[in-house]
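Visitor: I am new to this structure and should be grateful for a close look at a single part of it. Please take the meeting of the two halves of the chain and whatever is held there.

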Amino acid sequence: MEIQVLPLSEADKKPKFTDETNLVFGRTFTDRMLLIEWKAGTGWGDARIKKYEPFVLEPAALVFHYAQEIFEGLKAYRWEDGSIALFRPEMNARRFNHSADRLCMPEMPEELFLKGIEQLVSLERDWVPGAVGTSLYIRPAMIAVEPVVGVKPSDHYYFFVILSPVGAYYPKGFKPVRIMVEDEYVRAAPGGTGEAKTGGNYASSLKAGLKAKKKGFDQVLWLDGVEKRYVEEVGAMNMFFAYGNKVVTAPIGGTILNGVTRDSVLQLSRSLGFEVEERKIDIHDLMRDIESGKVTEAFGSGTAAVITPVGELCYKDDCLEIGGGGVGALTQKLYDTLTGIQWGKVADTFGWIKKIS
Ligand code: COI
């Protein structure tokens, strides 16, 4: 399918950031966006790259009422030679369709997903920041736009991609975060939508997030929705615990997100000689292992969060520092290697990088 590029007038061009080192996550958007529509009967069509501007949607649009929405997150990186790279975008295309299936939305052909993103980023290349730790966050999403107040899959969807130059996700940057284990609310249950990247999962996490913020924590660690006993994920991150030479993380089983960075961390850890274990993690065992010093490091992974060290974990009234509360050697090594590959400073022996022409 051809993607039409609509003209952008000088007046439509926004002033660019003046200080790349001070970019706040997800507040600035570039001049253009990609929009492709799906209609029952005709399928995908009307693909265009146009000015970034508000949508005009009917108040009855299904997305506003029943949350038929999915999204993705990936990044474009500016290398020292000025070229631009994407990191494993085909994984996002695949996961997007996995989410689409769960939410009864049409699948987006992977080639169109990838071509649309590449063409948009190429046109907006001047917006990719180059300062250390900065990148262009790419947000593909799909929403149900049919105006009807009955519960049903929509017969009209917008697939769109917007771009945002970003710095670190956590305002304090690559510093250890404090995490509260949530023991009241749950994020997902077996058979639910936990593995889909859908807005509702995030909306329902806000209450616990606010509770944790009020107590001075950066994020919430979710437990399983049945027994409130097994570690799941941190909403914006998958979680890892290092036991010396072993890296342990919760298994993918329908209730947590199948993270692109999670998969990269598992592969990188193996390549660095670490043993990797995907298994259920009982919170009581985990707290005991942290207390006894068996857990040497903890960190989270995500596209936005990259690799984020976790310095402290609190469960009920028990607050424990992990690895002295600092950044562990493995966490640092994984961060350096992953970001090194993303910014073209470390050889990509995995075939993860896709250059934008
Ligand atoms: C990402 O890491 O790309 C995400 O989608 C997480 C989001 C909460 C910022």
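Guide: Between domain 1 and domain 2 an area of about 1800 Å² is buried, and carbon and sulfur atoms give 56% of it. On the side of domain 1, the residues that lose the most area to domain 2 are Phe71, Phe87 and Arg95, which together make up 33% of what that side buries. The model is a predicted one, and its chain is divided into domain 1, residues 4-166, and domain 2, residues 177-342. Their C-alpha centres lie 27 Å apart. Across the interface, 22 residues of domain 1 are in contact with 22 residues of domain 2.

The polar side of this interface may be described next. Counting residues at pLDDT 80 or more, 14 residue pairs are in polar contact across the interface of domain 1 and domain 2. The count of salt bridges between the two domains is one. The side chains of arginine 88 and aspartate 263 meet in a salt bridge, with 2.9 Å from N to O.

The ligand belongs to this picture as well. Both domain 1 and domain 2 give residues to the shell around the ligand, so the ligand lies between them. Surrounding the ligand are Phe71, Gly73, Tyr137, Arg139 and Tyr169, together with Lys197, Tyr202, Ala236, Thr303 and Ala304. Phe71 thus appears twice in this account: it is one of the residues in the shell, and it is also among those of domain 1 that lose the most area to domain 2. By character, the shell divides into six nonpolar residues, two polar and two charged.

Several approaches to the ligand can be given with their distances. An N or O atom in the side chain of tyrosine 137 is 2.5 Å from an oxygen atom of the ligand. For the side chain of lysine 197, the distance from an N or O atom to a ligand oxygen atom is 2.8 Å. At threonine 303 a polar backbone atom takes part, 3.4 Å from an oxygen atom of the ligand. Taken alone, the ligand exposes 280 Å², and the protein buries 89% of that area.

Definitions and conventions. Residues numbered from 1 in each chain as written. Predicted model: local features only at pLDDT ≥ 70, side-chain atom pairs only at ≥ 80, totals over all residues. Heavy atoms only, no water. Near = heavy atom within 4 Å. Polar contact = N/O pair within 3.5 Å; in protein donor to acceptor, adjacent residues only side chain to side chain. Areas by Shrake-Rupley, 256 points an atom, 1.4 Å probe, with all protein chains shown as cover. Nonpolar A, V, L, I, M, F, W, Y, C, P; charged D, E, K, R; others polar. Domains from an automatic or database assignment. Contact = heavy atoms within 4.5 Å. Buried area = accessible area lost by both parts, 1.4 Å probe. Salt bridge = Lys/Arg side-chain N within 4 Å of Asp/Glu carboxyl O.
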